[in-house]
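Here is a short briefing on nonpolar packing and on one pair of helices. Please read it alongside the structure below.

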Amino acid sequence: MRTTARQVIDRIAAHVGTPPRATTVDGFVAGDPDVAVRGVAVTVMATLDVLRDSVARGLDLVVTHEPLYYDHHGTSEAVLAADADPVHAAKAAYVAEHGLVVYRWHDAWHDRRPDGVLTGTARALGWLGAERPDEPGVYDLPSATTLHALAVHVAQALDARALRYVGAPDSPVAVVGLQPGFCGFDRNRRLLARQGVDALVLGEGHEWETGEYAADAVAAGACAGVVVPGHLPSEQEGMVEAHRWLTVLLPELRVELVRAVDPFTAVPVPAATRL
């Protein structure tokens with residue numbers, strides 16, 4: 001007897017420890033859930049390169065944190081298909097050709113207590129034991145640092161190739177808020193404005209919302225600044241955590257982590273000369 005994709009997901013749902021949301025983005029987004037699977041690929045983002053890597057490894061169930069077709073709520077796929085979008089067409093054809101089953105696993109892993117993504121990211125940063133028990137996502141650093149040193153540590157720990165930060169490099173930092181992925185301006189603002197939080201590390205935010213607020217918060221002396229490693233690097237380690245958990249949950253299957261590569265590359269340039 002071989003395990004089907006549906007049986008895998010049913011087992012995950014039974015053990016993740018969180019009730020399903022009334023409305024969720026989680027679910028099968030491609031392929032036949034009732035086919036037997038040879039192996040499971042766990043990834044933060046099912047890019048075409050990740051799908052190719054999964055096929056090369058013989059993994060035909062892809063459990064991805066982010067959407068397959070570029071839209072959080074999954075509403076744009078019909079538009080992409082109707083427009084004969086060439087990127088969508090190439091990806092959809094590859095999925096079909098290789099009989100891949102793709103499952104989006106976002107909400108339940110975030111809803112888990114502790115949050116699976118936050119746990120994995122904090123583990124990679126070396127902050128796992130530093131979270132305040134009454135303030136999820138707020139960490140007392142093992143030793144005080146500066147904003148620039150914090151940014152360097154985050155970039156190295158999360159393999160973020162295009163990290164940016166807002167604030168003076170030598171500003172002291174002892175308490176950090178952590179919001180992987182995209183949490184939105186309201187949640188960014190509330191953590192930035194919280195008394196005693198020196199800096200915020202967030203995956204990404206709208207520059208005309210969180211970026212502007214961060215610049216004003218620094219100017220007003222409300223915080224030291226904001227560190228922005230990028231969405232993918234900020235959540236990749238959360239799916240490393242998922243891989244660790246699923247390997248134990250699914251002992252009869254090969255469960256492998258397939259890392260997505262940060263697509264952004266920063267170009268170092270000298271400061272512009274002001275006229």
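Angles of 65 to 115 degrees between axes count as roughly perpendicular. The model discussed here is predicted. The helix pair comes first, then the cores.

**Helix pair α6/α7**

- Two packed helices are described by the angle between their axes and the distance between the axes.
- Helix α6 spans residues 116-125, and helix α7 spans residues 147-158.
- Their axes come within 9 Å and cross at roughly 110°.
- α6 and α7 are therefore roughly perpendicular to each other.
- The crossing of α6 past α7 is right-handed.
- On the α6 side, T121, A124 and L125 make the contact. On the α7 side, H153, V154, A157 and L158 do so.
- Sorted by class, this contact has 5 nonpolar residues, 2 polar ones and no charged ones.

**Largest nonpolar core**

- In soluble globular proteins, nonpolar side chains tend to be buried together.
- The largest nonpolar core here holds 42 residues. Within it, L61, W105 and L246 touch the most other members.
- Elements that each supply at least two residues of this core include the helices α1 (5-15), α2 (48-56) and α4 (86-97). The strands β2 (39-43), β3 (61-64) and β4 (101-104) also do so.
- α10 (231-249) is another of these elements. Its 6 residues are the largest share of the core.

**Around L61**

- Beyond its neighbours within four places in sequence, L61 is in contact with A5, V8, V37, G39, V40, A41, V101 and Y103.

**Another core**

- Apart from the largest core lies another, of 21 residues. Among them are L118, A130, V154 and V176.
- V154 also takes part in the contact between α6 and α7.

How values were computed
Residues numbered from 1 in each chain as written. Predicted model: local features only at pLDDT ≥ 70, side-chain atom pairs only at ≥ 80, totals over all residues. Heavy atoms only, no water. Core = buried A, V, L, I, M, F, W, Y, C linked by side-chain atoms within 4.5 Å. Buried < 20%, exposed > 50% of the residue type's maximum accessible area, 1.4 Å probe, protein only. Helix = DSSP H or I, 4+ residues; strand = E, 2+ residues; numbered from the N terminus. Contact = heavy atoms within 4.5 Å. Axes fitted to C-alpha atoms, helices over the stretch in contact; angles between N-to-C directions. Parallel < 35°, antiparallel > 145°, perpendicular 65-115°, else oblique. Left-handed = near helix turned anticlockwise from the far one by under 90°. Nonpolar A, V, L, I, M, F, W, Y, C, P; charged D, E, K, R; others polar.
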